[in-house]
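This briefing is intended for a reader at the bench. Please consult the sequence and the structure shown here alongside the notes.

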Amino acid sequence: MKTNYLKDAWLVILLCLCFGAALAGVQGALAPRIEANKLADTLRQIPTLVPGAVSGVPDTVAGLRIYRALDAEHQEIGRVIAASGQGFADRIELLVAIDRDARALTGLYIVDQKETPGLGDFITKEKWRAQFAGKPATTPLSVTKSGAQRPEQVDGVTGATISSEAVVNIVNAALATYRGGAQP
């Protein structure tokens, strides 16, 4: 007996098309709100990422979205670079904060990630992110598993080396691009 699979599966195909269209519609409708929420989150983080900052102004340098961190007198005291790259499970979006002279990192914040819960998502914890403050922004960072011995080293997350290395690679790439296009 010959079976026609399309004839037997018409309802499944129809439902897939309907649900796919519905998901695309919801994504399209909510995309502006999602971006607005990310911008609001970024602007809220600037005072914690750049000591002394009270606000941030969006700008673009070398094709990178940056935020000029301003103090109470509206003087630029640092910059926050929005960057993203591939992690273990999905894209990682983060903010890299640097001082006014772009010589040192002042902070790091993970905007969005989908790393393994309880392991790779440790990159979002303040304790791990705090080690980036004070690191040099002029030399590439590297991940170590045995405790940071040099200024450019970052302690990796045990059992989540790929996530740790992904964050460091994203930071290094963002800083290299920034240095290549930043105006003195």
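The notes below cover the nonpolar cores, an aromatic pair, the salt bridges and a surface patch.

This is a predicted model, in which local features need pLDDT of at least 70 and side-chain atom pairs count only at pLDDT 80 or more, while totals for chains, interfaces and linings use all residues. Residues are numbered from 1 along each chain as its sequence is written, and side-chain values use heavy atoms, with hydrogens and water left out.

**Nonpolar cores**

- The largest nonpolar core (buried Ala, Val, Leu, Ile, Met, Phe, Trp, Tyr and Cys residues joined through side-chain atoms within 4.5 Å) has 29 residues, of which Ile81, Leu94, Leu105, Leu108, Phe132, Val167 and Val171 touch the most other members.
- Two or more residues of this core are given by each of strands S2 (64-70), S3 (76-86), S4 (91-99) and S5 (105-112) and by helix H4 (161-181); helices (H or I, at least four residues) and strands (E, at least two) are DSSP runs, numbered from the N terminus.
- H4 supplies the largest share of this core, eight residues.
- Another core, of 10 residues, lies apart from it and includes Val50, Ala53, Ala97 and Tyr109.
- Leu108 is in contact (heavy atoms within 4.5 Å) with residues including Leu49, Trp128, Arg129 and Phe132, not counting residues up to four places away in sequence.

**Aromatic pair**

- The whole structure holds one aromatic pair (rings of Phe, Tyr and Trp, the last by its six-membered ring, with centres within 6.5 Å; planes under 30 degrees apart are stacked, over 60 edge-to-face and the rest tilted).
- Trp128 and Phe132 form this edge-to-face pair, at 5.2 Å centre to centre and 70° between the planes.
- Trp128 and Phe132 are both buried (under 20% relative accessible area; exposed is over 50%, partly exposed in between, with a 1.4 Å probe and protein chains only).

**Salt bridges**

- Nine salt bridges are found in the whole structure (a side-chain nitrogen of Lys or Arg within 4 Å of a carboxyl oxygen of Asp or Glu).
- Glu126 and Arg129, three residues apart in helix H3 (residues 126-129), form a salt bridge with closest N and O atoms 3.0 Å apart.
- Glu126 is partly exposed at 48%, whereas Arg129 is buried at 12%.
- A network of salt bridges links Asp59, Arg68, Glu76 and Arg79; within it, Glu76 and Arg68 meet at 3.1 Å, N to O.

**Surface patch**

- Trp10, Leu11, Leu14, Leu15 and Phe19 make a nonpolar surface patch of about 530 Å² (residues with over 30% relative accessible area and no salt bridge; like charges are joined within 9 Å, nonpolar side chains, namely Val, Leu, Ile, Met, Phe, Trp and Tyr, within 5 Å).
- Trp10 belongs to helix H2 (residues 10-49) and is exposed, with a relative accessible area of 53%.

How values were computed. Accessible areas come from the Shrake-Rupley method with a 1.4 Å probe; for residues, only the protein chains shown count as cover.
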